[in-house]
Amino acid sequence: MTENEIRNVVIDEMRNLTPEIDPAEISGDADIREALDFDSMDILNLVTALHKRLGVDIPEADYPKITTVDGAVAYLRERSRAA
Amino acid sequence: MTADRPPPGTNEITYREAVKQAIRDAMIRDPRVFLMGEDVGRYGGCYAVSKGLLEEFGPERIRDTPLSESTFTGAGIGAALGGMRPIVEIMTVNFSLLALDQIVNNAATLLHMSGGLFNVPLVIRMATGAGRQLAAQHSHSLEGWYAHVPGLKVLAPATIEDARGMLWPALEDPDPVLIFEHVMLYNDTGPLPDRRPVDITKAAVRRPGKDVTIITYGGMLPKTLAAADMLAADGIAAEVIDLRVLRPLDEETVIASVRRTRRAVIVDEGWRSGSLSAEISARIMEQAFWDLDAPVGRVCSAEVPMPYPRHLEQAALPQPDGIVAAARATLGPR
Amino acid sequence: MPSLGADMAAGKLVEWLKKPGDAVRRGDIVAVVETQKGAIEVEIFETGVLSETLVPPGATVPVGTPLALIVGEGEPARARPTPPPERPIAPAPPTAPPPVAPPPAAAGARPLASPAARRLAAARGVDLAALTGSGPGGAVVSADVERAAERAPAAARGRIDLAAMRQAIAAAMARSKREIPHYYLSTSIDMTTALAWLEARNADRPPAERLLPAVLLVKAVALALRRFPELNGFHSADGFRPAEDVHVGVAIALRGGGLVAPAIRDTAARPLDDLMAAFRDLVARVRAGTLRSSELSDPTITVSSLGERGVEGMLAVIYPPQVAIVGFGSVTRRPWATDDRVEVRPAVTASLAGDHRVSDGHRAALFLREVDDLLQSPERL
């Protein structure tokens, strides 16, 4: 999976959670908790969706690593390569 | 044997005869019972209800009175206080207004004003209603006024069974009871009821139905049942409630029915303004508002003194067509 | 031209009793006017000088027409007022007879629906505005709602109207602060054990089965309420009525503002996984605008949790007719005194706002302590 494909998946799943703001338009290094007004339920839903879509399990301890679009893409790329 | 008992071999009886049998039965059962009123003796009663009773029971117990409602109603109250069980007949509800002071200020209040010491076990029967071309001094339906007064029990027998069965429990009641007999019911015939007294606390569902509840009493019951037949022909199942007791109202039966059908129409021969129909409508609003699917409908007499000419009298009274229209209005277009 | 009777539309000026330049005093009679009721004297209510008559004798003018100009003492003469536009004197239109049944609602107003239909629609989550009525005057009746509810049991109610929600919040909160004598208590709860338990529990589960700390808090409140019925129920004009079951309303903020607190029914009786699923479902449906109105009216108490990005504590406002609300601040790491030592521990500040008409601080304090106790042994939740 290319970095671009992963980015598309991440933005896609974020978009499902927040129809109000388009995640494609926020900066890659913006904290989604601020930029998209994500709360812990949204983060958990994002983790759940990414797990389902990509088969990558993100343990709770790693949640801080996916709080930006760039961070999430890098983390998922790393994990899918390792898997 | 009196003339208008049912012919041998039939078991039909008139409403008039049912009232007479009820009086006769009470006179036989309880020596304290006596009947008094205008023309109840020698003339046999204005509506011939007491015809023959003078011969059977004598002038001590079937007493003709002067034309003074206030006097003989007051005498009835005194007799009741003295331990008798009087039945006072007032010729028509219009004339009862002459005795209003005795009924409302004395009969209805004495128990309360005596601190519970004096009951007034009085029964007053009177004719009510229009339809016999007796004009405005004899044809009004003022029972709703009496239903306003605490201390009175107000009954409206609409069937032969109730005409036969309500008098005895009314006499047994320790407090004043008014019985309203609609003039158009006297000639109705029906099966001979047994001697059993009837309940005088509950309304009766005379015809079950699921689409609309039509609440009525007394002389309007036959017209309402006719209207229900007409509605049934169009596939509308009307539930017809006969109030029977105008005070205290049996709210439970009315409200339970309205909760089922979600629609109510009240048929009351009285005038609409400040009427018993208004009271029932208000109670439905208070207790079943959230169950309603339509505004409560009312069919009442035109707000005019009851006219004398037949066509105008009929036009002023609730008729089955109007009841059907009011019931349909609660259902919307079909 | 003064109105000299409710039914007077116009009058004829018969005679001036003062002429321009005359001084006039309040109460003077200045003119005579003829009406259908006869000649009537016109009194003046100002003091000054009559500078100009505007209506000549013999003229008939509508009520309200200026008849003359009065100049106050020392006041410069004013410009002549423009006469009112000519209006035809027509008889009032006949009044319409009173309607026998209520007229149908005007377009754009709330939908015409019977009381029974409204109650049923609220209970079944049916949008009345979307229905075509079969009742009197086209009103939606209960049968219409029943049909609609059967047709689409899970029909979406559409997006939440934020402006309407703001109004509803405003009304409820204003009423709360106006009517409910609030009292407030708060306590700090050590979350070390609860979070460690949660972390261990979540560690070997896939994301879909993980729990959020909020669920522990909600469950702890629900369980504790079983022993404190005076905090769980409704206050009405008839006084307080405790609820038989605990339906905790969870406050859920909407992105873009607004807040709803739908109920998780039977909160105390449901296992954590079940609660988490219900919570998730509620959040999703709040955001999608598909809540059922019964979920909004069911709560017997509300729990508001600020989540990880909020502040330390909150003093919440009770949502009437409920009688209490529990607020949880963010779980933060903070200095914690224990055995004469200070450690850094994760802790949460729990607060309670109670209705003083129904409950008192002492019992409420015991309740908060029970919540604390339960969170110290999360396996009991």
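**Notebook: the C–B interface, a strand of chain B, and salt bridges**

I began with the contact between chains C and B, and noted that Arg119(C) forms a salt bridge with Asp291(B), with 2.7 Å between the closest N and O atoms. The model is a predicted one, and I treat every value below as computed from it.

**Entry 1. The interface of chain C with chain B**

I counted the salt bridges between chain C and chain B and found 1. I then looked up the polar contacts between chain C and chain B, which come to 7 residue pairs, both residues at pLDDT 80 or more. I asked which elements of chain C give two or more residues to the side that touches chain B. They are α1 (115-124) and α2 (142-151) of chain C. The largest share of that side, 5 residues, comes from α1(C). By class, I recorded 7 nonpolar, 4 polar and 2 charged residues on the side of chain C that touches chain B.

I next took the extent of the interface. In contact terms, 13 residues of chain C meet 14 residues of chain B. The size of an interface is often given as the accessible area lost when the parts come together. For chain C and chain B, I noted a buried area of about 960 Å², with carbon and sulfur atoms giving 57% of it. Which residues of chain C lose the most area to chain B? I listed Pro115(C), Arg119(C) and Pro136(C), which together account for 47% of what that side buries. Arg119(C) thus appears in my notes twice, once for lost area and once for the salt bridge with Asp291(B).

**Entry 2. Strand β2 of chain B**

I turned to β2(B), residues 33-37, and asked how many of its residues are buried. The strand is mostly covered, with 5 of its 5 residues buried. In a regular strand the side chains alternate between the two faces of the sheet. In β2(B), I found Val33(B), Leu35(B) and Gly37(B) pointing one way, and Phe34(B) and Met36(B) pointing the other way, all of them buried.

I then looked up the strands paired with β2(B). With β4(B), residues 85-90, the strand shares 5 bridges, and the two run parallel. With β3(B), residues 62-64, it shares 3 bridges, and this pair also runs parallel. I followed Gly37(B) in both pairings: its bridge partner in β4(B) is Glu89(B), and its bridge partner in β3(B) is Asp64(B).

**Entry 3. Glu13 of chain A**

I located Glu13(A) in helix α1 of chain A, residues 3-17. Is Glu13(A) buried or exposed? Its relative accessible area is 11%, so I entered Glu13(A) as buried. Leaving aside neighbours within four places in sequence, I found Glu13(A) in contact with Leu46(A), Ala49(A), Leu50(A) and Arg53(A).

**Entry 4. Salt bridges within the chains**

I recorded 45 salt bridges over all chains of the structure. In chain A, I inspected the pair Arg7(A) and Asp70(A), whose side chains meet at 3.1 Å, N to O. This pair links distant parts of the chain, with Arg7(A) in helix α1 and Asp70(A) in helix α4 (residues 69-82), 63 residues apart. I noted Arg7(A) as partly exposed at 23% relative accessibility, and Asp70(A) as partly exposed at 33%.

In chain B, I inspected Lys202(B) and Asp250(B), which form a salt bridge with the closest N and O atoms 3.4 Å apart. Lys202(B) lies in the loop between β8 (189-191) and β9 (204-207), and Asp250(B) in the loop between β12 (245-247) and α11 (251-261), so the pair ties together parts of chain B that are 48 residues apart in sequence. Lys202(B) is partly exposed, with a relative accessible area of 32%, whereas Asp250(B) counts as buried at 6%.

In chain C, I inspected Arg363(C) and Glu230(C), a salt bridge whose closest N and O atoms are 2.6 Å apart. Arg363(C) lies in helix α8 (residues 361-376) and Glu230(C) in the loop between α5 (213-225) and β9 (233-236), so the pair ties together parts of chain C that are 133 residues apart in sequence. I noted Arg363(C) as partly exposed, with a relative accessible area of 31%, and Glu230(C) as buried, with 16%.

Last, I returned to chain A and found Asp12(A), Glu13(A), Arg15(A), Asp22(A) and Arg53(A) joined into one network by salt bridges that share partners.

Note on methods: Residues are numbered from 1 along each chain as its sequence is written. Chains are lettered from A and ligands numbered from 1 in the order in which they are written. This is a predicted model: local features need pLDDT of at least 70, side-chain atom pairs count only at pLDDT 80 or more; totals for chains, interfaces and linings use all residues. Side-chain values use heavy atoms; hydrogens and water are left out. Contact means heavy atoms within 4.5 Å. Buried area is the accessible area (1.4 Å probe) that two parts lose on being put together, summed over both. A salt bridge is a side-chain nitrogen of Lys or Arg within 4 Å of a carboxyl oxygen of Asp or Glu. A polar contact is a pair of N or O atoms within 3.5 Å; within protein, one must be able to donate a hydrogen and the other to accept it, and residues adjacent in sequence count only if both atoms are side-chain atoms. Helices (H or I, at least four residues) and strands (E, at least two) are DSSP runs, numbered from the N terminus. Ala, Val, Leu, Ile, Met, Phe, Trp, Tyr, Cys and Pro count as nonpolar, Asp, Glu, Lys and Arg as charged, and the others, Gly among them, as polar. Buried means under 20% relative accessible area, exposed over 50%, partly exposed in between (1.4 Å probe, protein chains only). Two strands pair if DSSP finds at least two bridges between them.
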